[in-house]
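Here is a short tour of one protein chain for you to follow alongside the model. Take a moment to turn it around before reading on.

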Amino acid sequence: MIIQCHGAFKTLGDSFVIKVQDANIRSVRIAVEKYLCAINQGNLVSILNRSVFASDLKLLKDVDRFNSRTLSLLPPISGG
């Protein structure tokens with residue numbers, strides 16, 4: 001799965017690739033957290049916890065399922 005980076009996550013590049021166990025956003029969030037820790041970017045985990053994922057034009061909740069190979073990671077605006 002490809003995660004497109006925005007805002008604070010742009011320090012990681014335009015995108016990165018993760019493997020997920022299940023096609024729900026909670027699994028994606030867990031995989032991204034593991035990825036951040038593995039590349040010594042654990043400081044971004046607190047931002048991840050306040051961020052949302054989006055597919056096309058839809059914001060997704062942790063319980064939502066998806067069938068896209070690419071998701072956008074959208075951090076909060078103004079630290080919110």
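In which helix does Arg 29 lie? Let us start there, keeping in mind that this is a predicted model.

## Arg 29 and its surroundings

Arg 29 belongs to helix α1. With a relative accessible area of 8%, Arg 29 counts as buried, because the cut-off for that class is under 20%.

Which residues does this side of the helix meet? Leaving aside residues up to four places away in sequence, Arg 29 touches Leu 48, Asn 49, Ser 51, Val 52, Phe 53 and Asp 62. There is also a polar partner to look for: a polar atom of the Arg 29 side chain lies 3.1 Å from the backbone oxygen of Ser 51.

## The nonpolar core

In soluble globular proteins, nonpolar side chains tend to be buried together. Here, the largest nonpolar core holds 21 residues, and Ile 3, Phe 9, Val 28 and Val 32 have the most contacts inside it. Two or more residues of this core come from each of β1 (2–5), α1 (25–38), α2 (45–48) and β5 (70–74). The element that gives the most is α1, with five residues.

Val 32 is a good place to see how the core is joined up. Not counting residues up to four places away in sequence, Val 32 touches Ile 3, Phe 16, Ile 18, Leu 48, Phe 53 and Leu 73. Two of these names, Leu 48 and Phe 53, may look familiar, as both are also touched by Arg 29.

## Ser 55 in strand β3

Next, have a look at strand β3, which spans residues 52–55 and includes Ser 55. Is Ser 55 buried or exposed? At 14% relative accessibility, Ser 55 counts as buried. Beyond residues up to four places away in sequence, Ser 55 touches Leu 60, Ser 68 and Leu 71.

## The cysteines

How many disulfides does the model have? The count comes to zero. A disulfide is a covalent bond between the sulfur atoms of two cysteines. For Cys 5, the closest cysteine sulfur is in Cys 37, 15 Å away, and that is too far for a bond, so Cys 5 stays unpaired. Cys 37 is likewise in no disulfide, with the sulfur of Cys 5 as the nearest cysteine sulfur.

The settings of these two residues are worth a look as well. Cys 5 is buried, at 1% relative accessibility, whereas Cys 37 is partly exposed, with a relative accessible area of 44%.

Note on methods:
Residues numbered from 1 in each chain as written. Predicted model: local features only at pLDDT ≥ 70, side-chain atom pairs only at ≥ 80, totals over all residues. Heavy atoms only, no water. Core = buried A, V, L, I, M, F, W, Y, C linked by side-chain atoms within 4.5 Å. Buried < 20%, exposed > 50% of the residue type's maximum accessible area, 1.4 Å probe, protein only. Helix = DSSP H or I, 4+ residues; strand = E, 2+ residues; numbered from the N terminus. Contact = heavy atoms within 4.5 Å. Disulfide = S-S within 2.5 Å. Polar contact = N/O pair within 3.5 Å; in protein donor to acceptor, adjacent residues only side chain to side chain.
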